[in-house]
Amino acid sequence: MLNVGVDIGSTATKGALWNGRSFICCITPTGWAPRESAARAVAQIKRRGRIPHDHDVRVTATGYGRNVFSADRRVTEITCHAAGAHYLVPTARTVLDIGGQDSKVISLYPDGRVADFMMNDKCAAGTGRFLQNMAAHLGCTLADFCGIPEGTPLQPISSMCTVFAESEVIGLLARGVPKESICLGLLDSVAQRAVNLLSRISESGDICFTGGCAQNETLRALIEKKTGRRVTSPKLAQYAGAIGAAIIGGGMQRGD
């Protein structure tokens, strides 16, 4: 029996399939119908893995939408992100996940099990949604946050509240502050918020940076500089939750 992990997030739904050698992954927008997005992810994974349409797979669901999807097993996102991050970066003792609408820090035992965790899911500040909103006000895209030229002066952003930050950004643009400097300041604010969360759970060891925001090398470097710790964003960082679900579903690691 093949094992598929599905991470139904607020912004995107990720799928992962272990083919015996490596993980095959896919991503699709969650939109307003998490059940349908999860079904699309499973179908995409089966196509990419060249699995016959009528071939059964064992599906383990995680993420905020896991309870609305008919899966063989449901596991909390904390447990799955821990398992996925441990697979991707075995030396990591801490997971920092910054997703679309929440962020979380998980400390790990050496075998990848959860030792402790903390979530910020009450406010969009410091998440992908925060950066997406700021990009709209700046008239740019999230990709522009990834292409900030080296040596760009950093414009500090004093507020992490989305509403107040919007007003601050509009004021800075009116003063003629370059967009690149504002983007760097916004990333620095997100990094500082992540560091504050990290300090409450973990003080040492390697960090595995996961979630959609982990694709931003500038953000990774800012967090690494502020913590003085090695921060790794593996190639499949955005799929950590789905990978962990597939690992647990296949009995490679125990889940809750």
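Hi everyone, let me start with the sheet: it is an open one of 5 strands, in the order β3-β2-β1-β4-β5, and its pairing is mixed. At the edges stand β3, residues 23–29, and β5; each has a single partner strand, so one side of each is left without a neighbour in the sheet. Before I go on, please keep in mind that this is a predicted model.

Let's walk through the sheet by way of β4, which covers residues 57–62. Is this strand mostly covered or mostly open? Mostly covered, as 5 of its 6 residues are buried. On one hand, β4 runs parallel to β1, residues 2–8, and 6 bridges join the two. If you'd like a place to look for that pairing, find Val4, which stands opposite Val59 in β4. On the other hand, β4 also runs parallel to β5, residues 73–74, with 2 bridges between them. Here the pair to look for is Thr60 and Arg73, the latter in β5, standing opposite one another.

While we are on β1, have a look at Leu2, which lies in that strand. With a relative accessibility of 28%, Leu2 counts as partly exposed. Setting aside neighbours within four places in sequence, Leu2 touches Leu17, Trp18, Ile51, His55, Val57 and Arg58. Notice that Val57 and Arg58, two of those contacts, fall within the residue range of β4. There is also a C-alpha distance to mention: Leu2 and Gly20 are 18 residues apart along the chain, and their C-alpha atoms are separated by 9.2 Å.

What lies across these strands? Helix α1, residues 34–48, lies across β1, β2, β3 and β4, and runs at about 145° to β3.

Now, the cysteines. How many disulfides does a search of the whole structure find? The count is 0. Cys25 and Cys26 show the reason nicely. The closest cysteine sulfur to that of Cys25 belongs to Cys26, and at 7.7 Å it is too far for a bond; the cut-off for a disulfide is 2.5 Å between the sulfur atoms. Cys26 is likewise in no disulfide, its nearest cysteine sulfur being that of Cys25, 7.7 Å away. Both residues are tucked out of reach of the probe to some degree: Cys25 is buried at a relative accessible area of 11%, and Cys26 is buried at 1%.

Let me move on to another strand, β8, residues 114–120, where we find Asn120. Is Asn120 buried or exposed? Buried, with a relative accessible area of 12%, and the cut-off for that class is under 20%. Apart from neighbours within four places in sequence, Asn120 is in contact with Gln101, Asp102, Ser103, Ala125, Arg193 and Leu197.

Last stop, the largest pocket. Rolling a probe the size of a water molecule over the atoms shows where empty space is left. In this model the largest pocket holds about 750 Å³ of space. Its lining has 33 residues, and those nearest the centre are Thr11, Ile98, Gly99, Gly100 and Gly212. Which elements supply at least two residues each to that lining? They are β1, β2, α2 (77–88), β6 (92–98) and α3 (128–138). Of these, α3 gives the most, with 4 residues. So we come back to β1, which pairs with β4 in the sheet and also supplies part of the pocket lining.

That's my tour, and thanks for listening!

How values were computed
Residues numbered from 1 in each chain as written. Predicted model: local features only at pLDDT ≥ 70, side-chain atom pairs only at ≥ 80, totals over all residues. Heavy atoms only, no water. Buried < 20%, exposed > 50% of the residue type's maximum accessible area, 1.4 Å probe, protein only. Pairing = 2+ DSSP bridges. Contact = heavy atoms within 4.5 Å. Axes fitted to C-alpha atoms, helices over the stretch in contact; angles between N-to-C directions. 1 Å grid on protein atoms, 1.4 Å probe; cavity = no way out; pocket = protein on both sides within 12 Å on 5 of 7 lines; lining within 4 Å. Points joined across faces, edges and corners; volume = space filled by probe spheres on them.
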